[in-house]
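Reader: I would like to learn how to read a structural model feature by feature, with the general idea stated before each case. Could we work through one together?

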Amino acid sequence: MSFSAFYVEAITFELKMAKRPRSTSLESCMLIIMMFLIFSNHVHALDVYHQAEVELLLSFKASIVHDPSHSLSSWSNSTANNLCYWHGVTCVGDVNSSHVNVIDLHGRNISGRLSSSLFQLSHVEKIDLSNNQLQGQVPHDMFTSSYSLRHLNLSNNNLTGQIPQGSLPGLETLDLCNNMISGKIPENIGSFSSLKFLDLGGNVLAGEIPYSLSNMFNLEYLTLASNQLIGKIPSQLGQVKNLKLIYLGYNNLSGEIPHEIGKLTALNHLDLVFNNLTGQIPDSLGNLTELRYLFLYGNKLTGQLPKSIFGLRKLVSLDLSENSLSGEIPELVSQLQQLEILHLFANNFTGKIPQSLASLARLQVLQLWSNKFSGEIPSDLGKQSNLTVVDLSTNYLTGKVPDTLCHSGKLFKLILFSNSLEGDITESLASCKSLGRVRVQNNRFSGEISAEFVKLSLVYFLDISGNNFSGRIDDKKWDLPSLQMLNIARNRIFGNLPESFGSDKLENLDLSENHLSGIISLNFGNLSELMQLKLSHNKLSGSIPQQLSSCKKLVSLDLSGNQLSGPIPVSLSEMPVLGQLDLSRNQLSGEIPRNLGVIESLVQVNISRNHLHGKLPSTGAFLAINASSVAGNHLCGGDITSGLPPCKGKTVRNNPTWWFILITCFLVALAAFGIAGFIILYIRRRKDLETKTVESEDGIWKMQFFEPKVSRLVSIEDIRSAAKQGNVIAIGNKGAQFVVKEDAVNSISPTFWSKMVELGNLRHPNIIQLIGICRSEKSAYVIHEYCEGKALSQILRNKNWEQRRKIAVGIARALRFLHFSCSPCFVIGCVSPEKVLVDAEDEPRLWLSLPALRDSKGFVSSAYVAPEATESKDITEKSDIYGFGLVLIELLTGKSPGDIELGAHESIVEWARYCYSDCHLDAWTDPMIRGHVLKNQNEIVETMNLALHCTAGDPTARPCAKELYKTLDSITKTSSCVAVKLVSSPF
């Protein structure tokens, strides 16, 4: 009873007693005294309970070690009388008899252990501590203390331990998702009979799904996704008739989909993705008339689609991809008039693509790639819908591409490669101004490239290679301002090269294997972003323009198989990152420029089948060049691998060039001294780069440097001293600095030393340069350049989305260089935030440490090492891609493999897949970049999609570094078709 109610009753009683005879006055006094005593005890009880609540709340505060937003600053003894005004605390009742009813501290980034004191508040109905950094085990008495609790949300923390025993029959919401809770789901979970919302996803729960879940007759939302659950899906789930959402994806569930699921007629969302489910899709699913989202992808389902599926008239998204489904798609698909997304790719479907697909007015995304569809594309496809993505690649389609595909004016991605399609596609797509990504290579398209097709302003990726296109391309004005990648290889194009492609963003240009003639335009030197230029196997003539040296980002240059003449331009030696150079099968003459071998990044050269003469440069990529790369010339010199004869000396009498040099030397003495000095410096440089043997107090050391300056000024004592003291070696007045790291010789493969020359010659703006190596019988030292900056793992949380995106692109650029521009390719083995140094300009630099070149005996285990590499101890390029995928996930979510599951690096991938599939962006993006989500939503979603491709369990399913970089760098041109699934807790 409250104080006010008690006071009213006392006054009423006293008025009644006043009307009685005076003989009863003694009785009246006695009653008043008794009521006063009762009131005093009541007030005392309220004070005791109030003090107990204060102590329980302060006990919780004491367990918090970090409160960055000062959310608990008002929680103190000095303000205990105003308990209900504490931040995050809500009370019920009046001023004199209130009780704590709600504790809401979600998203405050508080950290510490979760105290059980909050669960001892006897009147609390709601506790929300989600999206914090709480850790430690879940309190064992969580379900046995507070029977008033109705809503409990501890999601998105770092809680461990098992789900405690006990039962709260009145609990309606239980959300423990995205923690590290392990063990089995308690068998008595079904005793939570009032539960409407249950989310245990994103943990490491094991065992089978308890049958007792069928006792939760009020349950509407069930999420057990992204755990390690095994066994079959209980058929008893069919008894929980109120279920609206089921998320069981990303587990190891097996067996068939129980037909009893078809009894859940209220079901709105069914997600069973990435399990090991087998058998056919049950016909009973056609009873789920309220179903809007059906996701069964990533299983082992077989058989044909039940016709009943096409009676689900409210379906918005249907994804049955990555199974082994077969048969034909019936015309009944026309009944799915609400459908927006249809994914049936990576199955064994046959027959024709149903014509009735064209009648789906809401359809936006259609992906049927990697099946066995044949026949023509439906003639009116796109005429009645708002298609944004169409991917029908890798099938057996024939005929022409319908003119209606872009009828809505929203088509952004058109992927049709590897079919047998024909006709003039460029004419039909010329008016599709929304196109951004077009991949139609390896078909039978023909005709001339339309003049309007080369004016699509949004196209950034265009691949029409491997077709039968003909005609000229130099008679059109190319105006593709967004273009980054253009591939017209393997067609029948003739005429001259265009003067321009209308884009200053072009990075990859492949016009190889055509019939192009004429000269290479000087304007190609204006392509400042160009990284790969391939003009091979044409009929180009004239000289190689010196202006190509202005392409400072060019990594690969292939001009082979043409009729180019004249000398190799000396200016090519000014290209700082050139890694591959193929000038073979031309008519080039003269000597090889001496400085060409000095390009530090150049690792692969082919100059065979020309008319070159003179001495082969004895530096850089020419040191151990293969004989086939220099054959068919009149060259001499080189080592034994070149297969060239030694150079013979020439007398002054027979060599007019030397006569000219001698006369010039006599006339200009200063020039003679200059030449002599240059020769001395050249010899000295070579000597500086040779392996040296040095005796020291602790033995004999072999030292090899790749920078002459370091070789002359650094001694073994300097190196050993720096390694022991952790210092940086500084050289010269400008303070050139280098870092020394020590390693045991027995952990290094013997083949390591033979690869040091190649590694030392690597030069790339995103790779920390190797300066030298020193080794003895007992130990070894590796010397790298010193770079200002910090490891990505240290500064990641302080970076915004734009900075993180720049870092990701830089790492991808380095991987592409290592995997494709180096011969043989270099594999890092463990791409992790610790191996990425980020400077003040947010430019990443990869640290190539010893494990990149070790054999299996020197294998280093890490959460960033691909699963197959951990098992086989064999690292490949795909291992690097896996590690990069984990780094991408960390850039997006702020979580590392250790945050998700202790000792098991795969769990973060499972967690990320679950989040991408079933959660809102705000649930998995790093809180530090959530302010950027709205503006960069598509960008972030596509980056996560790329990260999941990089971390695919099958290494062959991961993209190569070249594809990875292209995709990542083009993600800023995102489409409007990205679908984000929204799932939220009821409170």
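Reader: Let me begin with a single residue: is Ser 418 buried or exposed, or does it fall in between?

Author: The model is a predicted one, which should be kept in mind throughout. Burial is read from relative accessible area, where under 20% counts as buried and over 50% as exposed. Ser 418 has a relative accessible area of 28%, and therefore counts as partly exposed. This residue sits in the loop between strand S28 (413–415) and strand S29 (420–423).

Reader: What is the sign of phi at Ser 418, and how should I read it?

Author: Most residues other than glycine have a negative phi. Ser 418 has a phi near 60°, a positive value in a residue that is not glycine. Thr 394 can be read in the same manner, for its phi is near 55°, again positive in a residue other than glycine. The loop that holds Thr 394 lies between strand S26 (389–391) and strand S27 (396–400), and its relative accessibility of 36% makes Thr 394 partly exposed.

Reader: For contrast in burial, what is the relative accessible area of Ser 226, and which residues is Ser 226 in contact with beyond its sequence neighbours?

Author: Ser 226 has a relative accessible area of 2% and is therefore buried, although Ser 226 too is placed in a loop, here between strand S12 (221–223) and strand S13 (228–231). When neighbours within four places in sequence are left aside, the contacts of Ser 226 are Gly 202, Asn 203, Gly 249, Tyr 250, Asn 251, Glu 910, Trp 911 and Tyr 914.

Reader: How many helices and strands are there in the protein, and what share of the residues is buried?

Author: The protein contains 18 helices and 55 strands, and 54% of its 987 residues are buried. Of the contacts with a separation of 6 or more, 52% are between residues 24 or more positions apart.

Reader: How is the packing of two helices described, and at what angle do H11 and H13 cross?

Author: Two packed helices are described by the angle between their axes and the distance between the axes. In this model, the axes of helix H11 (residues 801–820) and helix H13 (residues 877–893) come within 11 Å and cross at roughly 175°, so that H11 and H13 are roughly antiparallel to each other. The H11 side of the contact includes Trp 801, Ile 811 and Leu 815, while the H13 side includes Phe 884, Val 887 and Leu 891. By class, this contact of H11 with H13 has 11 nonpolar, one polar and four charged residues.

Reader: Which elements do the buried residues of H18 pack against?

Author: They pack against strand S30 (437–439), strand S36 (508–510), H11, H13 and H17. Helix H18 (residues 961–970) is mostly covered, with seven of its 10 residues buried, among them Leu 964, Tyr 965 and Leu 968. Helix H17 is also mostly covered, since 11 of its 14 residues are buried, including Ile 940, Met 944 and Leu 948.

Reader: What span should H17 have, and how far apart are its end C-alpha atoms?

Author: The check uses 1.5 Å a residue, by which the 14 residues of H17 (residues 937–950) should span 20 Å, and the end C-alpha atoms are 20 Å apart, in agreement with that value.

Reader: Turning to sheets, what is the strand order in the open sheet of four strands, and which strands stand at the edges?

Author: As a general idea, the side chains of a regular strand alternate between the two faces of the sheet. The four-stranded open sheet has the order S1-S4-S6-S8, with mixed pairing. Strand S1 (64–66) and strand S8 (158–160) stand at the edges with a single partner strand each, so one side of each is left without a neighbour in the sheet. The twist averages 15° from one strand to the next. S1 runs antiparallel to strand S4 (residues 111–113), to which two bridges join it, and Ile 64 stands opposite Gly 112 in S4.

Reader: Where does H11 pack on the sheet S53-S54-S55?

Author: That open sheet of three strands has antiparallel pairing, and its edge strands are S53 (790–791) and S55 (844–846), each of which pairs on one side only. H11 packs on this sheet by touching S54 and S55, and the direction of H11 makes about 30° with that of S55.

Note on methods: Residues numbered from 1 in each chain as written. Predicted model: local features only at pLDDT ≥ 70, side-chain atom pairs only at ≥ 80, totals over all residues. Heavy atoms only, no water. Axes fitted to C-alpha atoms, helices over the stretch in contact; angles between N-to-C directions. Parallel < 35°, antiparallel > 145°, perpendicular 65-115°, else oblique. Contact = heavy atoms within 4.5 Å. Nonpolar A, V, L, I, M, F, W, Y, C, P; charged D, E, K, R; others polar. Expected span 1.5 Å × (residues − 1). Buried < 20%, exposed > 50% of the residue type's maximum accessible area, 1.4 Å probe, protein only. Pairing = 2+ DSSP bridges.
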